[in-house]
Amino acid sequence: MCGIIGYIGKKNALPILLDGLRQLEYRGYDSAGICLAKDASLKIVKRSGKIKDLINAIKNRKDLGQANLGIGHSRWATHGAPTNINAHPHTDCSNGIAVVHNGIIENFVEIKERLIREGHKFTSETDSEVIAHLIEEYYTGDLEKAVLKAIKYLKGSFAIGIVSSNEPDKLIAARKESPLVVGVGKDENFIASDIPAILRYTKKVIYVDDGEIVVLKKDSIKVLDSNGKVIKKRVDTIKWNISSAQKSGFTHFMLKEIHEQPRVLSQIISSRIKGSSAIELDGINLSGAAIKRISNIIILACGTAYHAGLVGKYLIERFTKIPVAVDVSSEFRYRKPIIRKNTVVIAISQSGETADTLAAVKEAKSRGATVISICNVVGSSLARVSDGILYTYAGPEIGVASTKAYTAQLAMLYLLSFYIAEKKGLLRKRVKRFLIKEFKSLPEILQEILKKKEGIKKLAGKHLNFGSFLYLGRNLNFPTALEGALKLKEISYIPAEGYPAGEMKHGPIALIDEYRAVVCIAPDSAIYEKMVSNIQEICARMGKVIIVATEGDKEIRRFTGEIIYVPKTDELFSPIVSVVPLQLLAYYIAVKKCCDVDQPRNLAKSVTVE
Ligand code: F6R
């Protein structure tokens, strides 16, 4: 949800800002802009559309020249349509202060009305513009002081970058509930919403915390708390490199990330399973005694991560006998949730910046819950507010549709349920050895499935013109049905619904006719026969079925020739195995429909607004 970038140093800022914006474009891509601070004036270019439209606009601006200080923004519109005027940066009345903002200023109407009364002139419909005018209001020759004062009045969330033509040796940034990192360079420093935007230039970063303000010069970084007191911050070193955030020969990030899944699982296995079967989840931060005391678990997440949570419920209840409720984060917090003395909340989030999940976690914590997070982004807001953190270490996920983060979240939920069960004395050694052996075979199985991509591509070609899809699964694979449907709808815009197959007769069966494509997830399992009965019911009503089945299942061929076979595994692990063909199916349908797979309309990675 919007990306911000800022540079101060000796180099020409413009290419660095544009490069950073390309890396941040996944966060929002309906408009973009830059501001260069040069010769005591600010030069701004803003355009609706993608970064390439901004670059084209810049080509026509011969006056820009070279500047060593600048800020940039890629937008996902909240307040005001994606127009040139509403694009960031926004300025004060004199065009002397420019601001880029990620987040939402909840009290902007009130501030705007006050500032208008005091004579300020606004040009855009955005909430963000008030920040520039508020700083102008308090500016008496010291930008730092003006920012400190202005942000005290802002309610909501923000990561902001600020430059002033009066102080061209300074870049100021501030954060509250929106991600912000500082890149530490030699004779140059950076700010960004996310690490890939600056990784080409430095691996040294400072994670900015809520309420902090950063004053960057080319050769110094000063971090202040909200009272203006200087604080000392740790400088972290990023362990991955820029190639992890590039397409590496794949046509889309999504396809690359689908292909990364075997590697991600191997990495989870090698880092979390020691020797033949010892599970290491140190980050959980709960003693054996505390685990034994857990009365109930509430899983909180949004979107794809919520689907992972639904699988987690099956696993945790089955192995640990602890009751689990799974809640969509945005619903949980407004329902006056019941948290007991020994309730543990598991928050799942790829980005760790999803506003709904952060708000739900804060609500749970305020009611006394212990929060453990499963998260991909190291140092994210979620990681920092949690009592325990289990990182998935899947590497940056850039494609807006989540793929590798999902299977990594599932993998962590398997390990977590085995781990808790073991601590409670509920997992027999022999069973554990079997489970871990099966778990370790998953990377190879996923590799086998990826080899089937040409067949899945052909299948996609045959199903492009269906007006809608129904995805059906049962038990552990009901969430797989939800996830398959979500992947399809978000990148191809074809309406798709996921349903528990047993519920079909209670309504959705009315949808079935020869124009309806129905994807049935029917791997070998204890409820296989039930799933077959459902498939029979669909075929009797002329529905066009595509089936995900286990290799060797010849019986299933009597229903259709459209079968995606997946290698045999214990049914417990079928959610990981069955989802990969569905990711590929959605991908190829979207590609064949010429959709923008990595940046689907209206969406953004990292939903930092509620
Ligand atoms: C769908 C997708 C979204 C996210 C959701 C939560 O492909 O990516 O549904 O899963 O916005 O995001 P995180 O996991 O970052 O909290």
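A polar contact here is a pair of N or O atoms within 3.5 Å. With that cut-off in hand, the ligand site of this predicted model can be read off residue by residue. T354 comes up straight away, with a polar side-chain atom 2.4 Å from an oxygen atom of the ligand. E490 does much the same job on paper, placing a polar side-chain atom 2.5 Å from a ligand oxygen. V400 joins in through its backbone instead, where an N or O atom lies 3.2 Å from an oxygen atom of the ligand. As for cover, the ligand on its own has 410 Å² of accessible area, and the protein covers 87% of that.

Now for the wider surroundings. The ligand sits in the second largest pocket. Two helices, α9 (303–320) and α17 (478–492), are the elements that give two or more residues to the shell around the ligand. In total, 15 residues surround the ligand, and the closest are S349, Q350, S351, T354 and E490. Sorted by class, the shell comes out as seven polar, six nonpolar and two charged residues. Domain 2 (255–440) and domain 3 (448–592) both have a hand in it, each supplying at least three residues to the shell.

Away from the ligand, a couple of backbone details deserve a mention. Most peptide bonds are trans, and most residues other than glycine have a negative phi. The bond from H88 to P89 is cis, however, with omega near 0°. P89 itself is found in the loop between β4 (69–75) and β5 (90–91). E177, a residue other than glycine, has a positive phi, near 60°. E177 also belongs to a loop, in this case the one between β8 (171–176) and β9 (181–184).

Terms used. Residues numbered from 1 in each chain as written. Predicted model: local features only at pLDDT ≥ 70, side-chain atom pairs only at ≥ 80, totals over all residues. Heavy atoms only, no water. Near = heavy atom within 4 Å. Polar contact = N/O pair within 3.5 Å; in protein donor to acceptor, adjacent residues only side chain to side chain. Areas by Shrake-Rupley, 256 points an atom, 1.4 Å probe, with all protein chains shown as cover. 1 Å grid on protein atoms, 1.4 Å probe; cavity = no way out; pocket = protein on both sides within 12 Å on 5 of 7 lines; lining within 4 Å. Sits in = over half its atoms within 2 Å of the grid points. Helix = DSSP H or I, 4+ residues; strand = E, 2+ residues; numbered from the N terminus. Nonpolar A, V, L, I, M, F, W, Y, C, P; charged D, E, K, R; others polar. Domains from an automatic or database assignment.
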